[in-house]
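I set out to look up the aromatic contacts and then the main pocket. My entries follow the model below.

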Amino acid sequence: MKKILFSSIILSTLSFALHTTAKADNTTLIAFAKLDAETYAEGPQSGKATKAANGIAPPFKSQPVQGFSAVLKNKDGTYMAMSDNGFGTQDNSSDFLLRIYHIKPNFKTSQGGTGNVEVLGFISLRDPNKLIPFPIVNQETNDRLLTGADFDIESLQQAEDGSYWIGDEFGPYLLHFSADGILLDAPITLPNPYVKGQELRSPQNQFNKTQKEIIEPLVQRSGGFEGMALSKDKQFLYPILEKPLTNADKKQLIIFQFNIAKKAYTDNYYLFDLDDKATAIGDFQLFDHQSGIIIERDDTENDLTGHKKLILVKLGASGQAVERKELVDLMRIHNPHSLYSPYREGDIGTGKDFAFPFITIEDIVIESPDTLTIFNDNNFPGSSGRNAKLADDNEIIQIKLDQPLF
């Protein structure tokens with residue numbers, strides 16, 4: 001695949017202060033596209049262990065192209081969109097194959113466009129070299145294709161050498177793949193920044209099943225790595241937990257720092273204070289060496305009063321809370337060109353006042369100083385944020401800020 005293009009941007013401390021006053025109600029929808037919920041790619045039948053929802057019944061004829069948990073922009077304007085673990089849990093996703101899809105939106109804008117999304121191909125994530133030290137679903141096959149019972153992949157970056165780094169929730173682990181999807185290193189476990197020599201684990205961590213010493217899972221179930229930023233110089237990854245630790249006395253999330261060249265965590269870490277109305281984050285991207293955007297959300301869907309916001313953050317000293325300022329309220333976006341289509345009876349938040357009322361909004365691409373692209377994770381077939389009676393599609397919106405970020 002073509003190498004991913006990342007922004008190379010300089011933001012001064014002064015400009016951070018000046019441009020954090022942008023009001024969400026001055027944010028404008030400039031482009032819209034969506035991939036139909038029932039879009040399938042080649043592969044074996046799937047969904048045998050999941051339940052019917054929103055009128056869609058398993059098993060599915062092949063592999064659903066769904067649940068985009070991380071997205072990167074290509075130089076040619078297409079995107080690499082990574083699906084998550086499949087059908088929501090470790091137990092029901094053993095027949096869902098982990099992939100990074102190559103997609104091409106034909107955005108609907110004020111100048112035209114269909115609003116459709118073309119799936120151009122995919123990269124299959126696999127472990128043919130047997131680097132994973134615990135049993136996986138396809139343990140005895142040659143390709144050892146990875147499934148949603150093996151990992152819950154939620155965040156993605158591409159290094160300068162073209163290899164992919166992926167953040168997982170089950171470990172939480174960092175996973176390192178070649179550009180064509182072959183695992184290059186054993187899963188990298190997460191050190192506890194508060195207790196030297198101890199790991200942080202989730203209840204799904206496979207090492208607790210294979211090792212004599214069982215470590216108490218302080219990472220919440222479905223609370224592992226959700227977002228992961230890449231530093232401007234591409235030397236460091238900044239994975240962030242989706243939810244607070246189980247023993248946390250505040251609604252704080254930990255942002256870790258990982259040295260790509262050394263393939264090891266540094267001693268630096270940062271804290272992100274969740275808003276009182278928020279329960280989790282969806283993504284984290286940097287646009288300079290210390291400033292970026294975090295998607296913050298609550299657990300509502302199909303509710304126009306929900307908390308779905310973009311938060312401007314600035315890293316500071318290790319061990320301290322990062323600066324945070326509200327940038328965009330995703331429930332209050334101007335839609336002067338009525339770009340949402342096609343409208344279905346019961347759809348909400350589609351008029352001149354546009355909203356993104358999904359329970360999981362997990363992808364942000366910083367396109368330029370004033371343009372952001374945002375994707376939802378549609379949790380196929382279970383989520384119904386846009387319409388209470390219909391499964392969510394994979395929606396893609398581009399918004400223009402009233403003031404540039406840099």
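I looked up Phe225 first and found it buried, because its relative accessibility is 0% (buried means under 20% relative accessible area, with a 1.4 Å probe and protein chains only). Phe256 is likewise buried, with a relative accessible area of 3%.

I note that this is a predicted model, in which local features need pLDDT of at least 70 and side-chain atom pairs pLDDT 80 or more, while totals for chains, interfaces and linings use all residues. Residues are numbered from 1 along each chain as its sequence is written, and side-chain values use heavy atoms, without hydrogens and water.

I then searched the whole structure for aromatic pairs and obtained 22 (rings of Phe, Tyr and Trp, the last by its six-membered ring, with centres within 6.5 Å; planes under 30 degrees apart are stacked, over 60 edge-to-face, the rest tilted). The rings of Phe151 and Tyr173 have centres 5.9 Å apart and planes at 85°, so I entered the pair as edge-to-face. Both Phe151 and Tyr173 are buried. For Phe225 and Phe256 the centres are 6.0 Å apart and the planes at 75°, so this pair is edge-to-face.

I also recorded one aromatic cluster, formed by Tyr40, Phe60, Phe87, Phe96 and Phe380.

Last, I examined the largest pocket, which holds about 530 Å³ of space (a pocket is an open set of points on a 1 Å grid over the protein atoms alone, where a 1.4 Å probe fits, with protein on both sides within 12 Å along at least five of seven lines; lining residues have an atom within 4 Å of a point; the volume is the space filled by probe spheres set on the points). I counted 32 lining residues, of which Asn85, Gly88, Asp152, Ser222 and Asn379 lie nearest the centre of the pocket.

Key: Buried means under 20% relative accessible area, exposed over 50%, partly exposed in between (1.4 Å probe, protein chains only).
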